[in-house]
Amino acid sequence: MRRALAVLLLLLLVSPLVSAGGVSYYPDKASFTRFIHSNATYRVVPGRDYWAKGWARYVDAKLGEVLEHGNGTLVLVGNVYENPEMKRLWNLTGLPESASLSPMVIVVNNTLFVTGSEDNIYLTHDAFSEIWVPPKTSLALFALLAFAIVLLFGLSLRADRSYSARFFLLGASLIFVWFTLSETPVLPSNFLEFFSRALSVSAGAVPSSPLLALIGHILSAVPPTDETLWLAHWLFLLTLTGLFFYVAPKRERALGFIAFGLVFSAPLFRSQVATVGIALPGLVLMLLAIAVATNSSFVPGSRRTLEILALAGATLLASIFNPYLLLFPLFFALTYPGRKLRNSSYLVLVWAGFWALCRVYGFDWLSKWTSFQPHPGFVENLILQSLLGLVIVVYALLTGLRRIRWRGPTAFITLSTLAFLLIAPFVGGFFPYALTLVSILAVRLVHSVIQT
């Protein structure tokens with residue numbers, strides 16, 4: 001009987017709250033909707049902790065898309081235990097102070113409370129994600145950068161006097177069609193949690209990983225909104241499209257369109273890269289490292305130094321997103337023998353740089369990549385999603401194994417693909433990397449067989 005009364009009392013206590021998507025509204029969601037559609041002005045007051053200051057930057061940026069700054073409505077971010085102003089005005093809500101530890105959006109007496117703790121404040125994103133007004137400056141910058149990317153790749157590919165530039169424009173057109181047909185993105189909860197921690201870093205918190213440090217510093221310089229993430233996401237997709245042509249054979253850049261088609265024809269790949277997250281930037285950096293490795297001449301001189309530094313920098317940056325890309329320098333040394341200084345320089349720069357990052361940020365962030373657990377569905381998904389690419393690889397190996405040159409770019413990509421296929425069934429998040437490498441390998445092997 002006592003347990004039933006306790007449950008009833010708890011229900012009565014929280015009955016005024018309306019919850020949706022992990023965030024609760026008080027007195028109701030309509031009050032918040034009326035606020036963001038009003039002509040009110042607002043002023044954001046964050047708590048003292050870095051996570052509250054970081055999330056306050058997001059709240060301020062989102063509200064700034066529809067409202068003007070001023071002294072009309074006080075917007076308090078944090079909880080009563082670390083935000084003195086929220087503690088002073090909390091009696092207006094009529095709720096217990098402990099309720100401020102839950103993700104809530106409260107509108108009362110010209111005051112907006114955005115509450116939560118370090119572990120759950122990101123859940124209030126659901127409320128502010130309904131504000132979707134990309135700033136004209138952001139759209140203009142996006143258009144300018146997109147044009148620059150298309151122009152850069154188009155002119156560069158046009159120089160080889162093949163159809164590669166036209167195929168790139170066709171691929172870019174497909175990306176732009178996808179962009180125009182896309183809906184407002186839904187950010188996954190695991191990325192929102194990462195986004196919240198990156199915002200803390202942008203507000204001055206000490207990062208726990210090099211990736212958080214990188215993204216946090218970027219967010220400190222750009223508007224930390226959903227729209228910014230969304231537009232940057234499409235720029236990465238456009239860059240990914242262009243890089244496919246630079247991981248194809250030098251004399252047949254147009255084959256990059258086949259690799260592009262093999263990858264984007266896979267529904268699971270499209271669904272993963274259509275979601276705003278960190279997988280796509282990691283893929284772009286992996287392709288960039290492969291492109292530099294397979295296209296650089298490494299002729300002795302000052303140019304070779306720049307090429308080695310570019311290759312090491314791209315690989316090190318990519319390894320922040322996927323540490324297993326640290327295998328690239330080893331595979332490069334095995335498949336590009338004969339130049340010990342170049343190979344050892346590449347290896348030392350990347351591995352020493354990564355070790356230095358781990359010394360600064362610790363090793364805990366690597367636990368995601370070192371907790372090996374079987375993923376039974378991976379092999380089935382890979383076979384179904386990359387069936388055509390796998391068939392091409394098998395065909396090329398069966399018909400021209402002896403004609404394939406097992407040194408240089410093709411050997412480097414083959415070794416990388418085999419390693420990633422062995423790792424992928426036991427580490428999450430590897431599917432897009434494995435599928436991309438299989439598609440590139442298919443194009444490389446077929447070209448090797450045909451040419452010889």
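1. Asn343 counts as buried, because its relative accessibility is 8%, under the 20% limit for that class. The coordinates come from a predicted model, and every remark below should be read with that in mind. Asn343 belongs to helix H16, which covers residues 340–361.

2. The side chain of Asn343 also has a polar partner, since it reaches the backbone oxygen of Tyr336 at 2.9 Å. When residues up to four places away in sequence are not counted, Asn343 touches Phe332, Ala333, Tyr336 and Pro337.

3. A second buried position is Leu67, which counts as buried because its relative accessibility is 5%; Leu67 lies in the loop between helix H3 (50–63) and strand E4 (68–69). Leaving aside neighbours within four places in sequence, Leu67 is in contact with Phe35, Ile36, Ser38, Ala40 and Tyr42. The C-alpha atoms of Leu67 and Thr41 are separated by 6.0 Å, although the two residues are 26 residues apart along the chain.

4. Turning to helix packing, the axes of helix H6 (residues 136–158) and helix H7 (residues 164–181) come within 8 Å and cross at roughly 160°, which makes H6 roughly antiparallel to H7, the cut-off for that description being over 145 degrees. The crossing in which H6 passes H7 is right-handed.

5. By class, the contact of H6 with H7 has 12 nonpolar, 2 polar and 1 charged residues. On the H6 side the participants are Phe142, Ala146, Ile149, Val150, Phe153, Gly154, Leu157 and Arg158, and they meet Ser164, Ala165, Phe168, Leu169, Ala172, Phe176 and Phe179 in H7.

Conventions:
Residues numbered from 1 in each chain as written. Predicted model: local features only at pLDDT ≥ 70, side-chain atom pairs only at ≥ 80, totals over all residues. Heavy atoms only, no water. Helix = DSSP H or I, 4+ residues; strand = E, 2+ residues; numbered from the N terminus. Buried < 20%, exposed > 50% of the residue type's maximum accessible area, 1.4 Å probe, protein only. Polar contact = N/O pair within 3.5 Å; in protein donor to acceptor, adjacent residues only side chain to side chain. Contact = heavy atoms within 4.5 Å. Axes fitted to C-alpha atoms, helices over the stretch in contact; angles between N-to-C directions. Parallel < 35°, antiparallel > 145°, perpendicular 65-115°, else oblique. Left-handed = near helix turned anticlockwise from the far one by under 90°. Nonpolar A, V, L, I, M, F, W, Y, C, P; charged D, E, K, R; others polar.
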